[in-house]
Amino acid sequence: ATALSQAHEDLLVKLETNIDSGLTRDEASKRRQDGGLFNVVDPPLKCPAWVCCLLPCIKSIPSMKKFREIVPEDAEVLRENKWVRYDAANLVPGDIIRLVSHDCVPADCIMLRLEGGEDEMLVDVRAVTGEERPRSIVVQDGKIPPVKLYYGGSVLQGSGLAVVTAIGSQTLLATLIRTKKFPPKERVLIAEDDAGVPFVTTQENSLV
């Protein structure tokens, strides 16, 4: 496994979490209660289940089809020094998660290290950010840069550990849906700051 950079160490301190043991169940429960939300992103079109049943064409609307393709179902999470598979909706900021090939990225997160002797990891975030090329996480001097990944991305190659930074309505995908920029027709990020915070091309060029 790769080592942690100082930026990674600082991030873990800020999020009050530990890459070796993860959060305890009590800590995760408290964060969920304090935050008041689950890791659930509302779809582009919200309608009662009975309406969707009567009007199945709603599900074929492009934004709804794309949304259904990228919504994560579960996640491998480190809780109390044990790896467990939970419903993705139960993730909280500070959770340590494992991402492997073919996984759907279950929350906005920052990569911490690669595993399995891999020297590169590729993650497709095109469905969320409109980026044409996959994000590449490459080992440099035994470490990786703190690359930001987004809820709904897809792991194409490699495996590694990441820390959850945003969930549910706080994710980039939720922001894009609220501002009618999903699915992206072009690249939606202007840039990301040193902490991986994205600048989105909304009319106000607001920070999310």
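The open sheet in this predicted model has three strands in the order 6-5-8, and their pairing is antiparallel. The edge positions belong to strand 6, residues 135–138, and strand 8, residues 154–157. Each of these two has a single partner strand, so one side of each is left without a neighbour in the sheet. From one strand to the next, the twist averages 30 degrees.

Let me turn to one pairing within this sheet. Strand 5, residues 120–124, pairs with strand 6 in the antiparallel sense, and four bridges join them. As a point of register, Val 123 stands opposite Arg 135 of strand 6.

Two helices come next, beginning with helix 1, which spans residues 6–14. Which of its residues are buried? They include His 8, Leu 11 and Leu 12. Viewed down the axis of helix 1, the buried residues fall within an arc of 100 degrees, so they line one face of the helix. The other side of helix 1 carries Gln 6, Val 13 and Lys 14, which are exposed. As for what covers the buried residues of helix 1, the list includes strand 3, strand 4 and strand 9, the last of these being residues 160–166. Just after helix 1, the backbone of Glu 16 adopts a positive phi of about 50 degrees.

Helix 4 covers residues 62–70, and here Ser 63, Met 64, Phe 67 and Ile 70 are buried. Why do these residues lie on the same side of helix 4? They do so because they cover an arc of only 135 degrees around the axis. On the other side of helix 4, the exposed residues are Pro 62, Arg 68 and Glu 69. The cover over the buried residues of helix 4 includes helix 5, residues 126–129, and helix 6.

I now move to the loops, where the backbone geometry deserves attention. Between strand 3, residues 96–99, and strand 4, residues 108–114, the loop contains His 102. His 102 is not a glycine, although its phi is positive, at about 80 degrees. Is His 102 buried or exposed? With a relative accessible area of 71%, His 102 is exposed.

Another such residue is Asp 141, in the loop that runs from strand 6 to strand 7, the latter being residues 148–149. Asp 141 has a positive phi of about 55 degrees, and again the residue is not a glycine. The relative accessible area of Asp 141 is 81%, which places this residue in the exposed class.

A further loop lies between helix 6, residues 172–178, and strand 10, residues 189–192, and Pro 183 is found there. The peptide bond from Phe 182 to Pro 183 is cis, with omega near -5 degrees.

Finally, I come to the aromatic side chains. How many aromatic pairs does a search of the whole structure find? The search returns zero. A ring does take part in a contact with a charge, however: the charged end of Arg 98 sits over the ring of Trp 83, at 4.1 Å from its centre.

To restate the main points, the sheet is open, with strand order 6-5-8. The buried residues of helix 1 line one face, and those named in helix 4 lie on the same side of that helix. In the loops, His 102 and Asp 141 have positive phi values, and the bond from Phe 182 to Pro 183 is cis.

Conventions:
Residues numbered from 1 in each chain as written. Predicted model: local features only at pLDDT ≥ 70, side-chain atom pairs only at ≥ 80, totals over all residues. Heavy atoms only, no water. Pairing = 2+ DSSP bridges. Axes fitted to C-alpha atoms, helices over the stretch in contact; angles between N-to-C directions. Phe/Tyr/Trp six-rings, centres within 6.5 Å; stacked < 30°, edge-to-face > 60°. Lys NZ or Arg CZ within 6 Å of the ring centre and 35° of its normal. Buried < 20%, exposed > 50% of the residue type's maximum accessible area, 1.4 Å probe, protein only. Arc of directions from axis to C-beta. Contact = heavy atoms within 4.5 Å.
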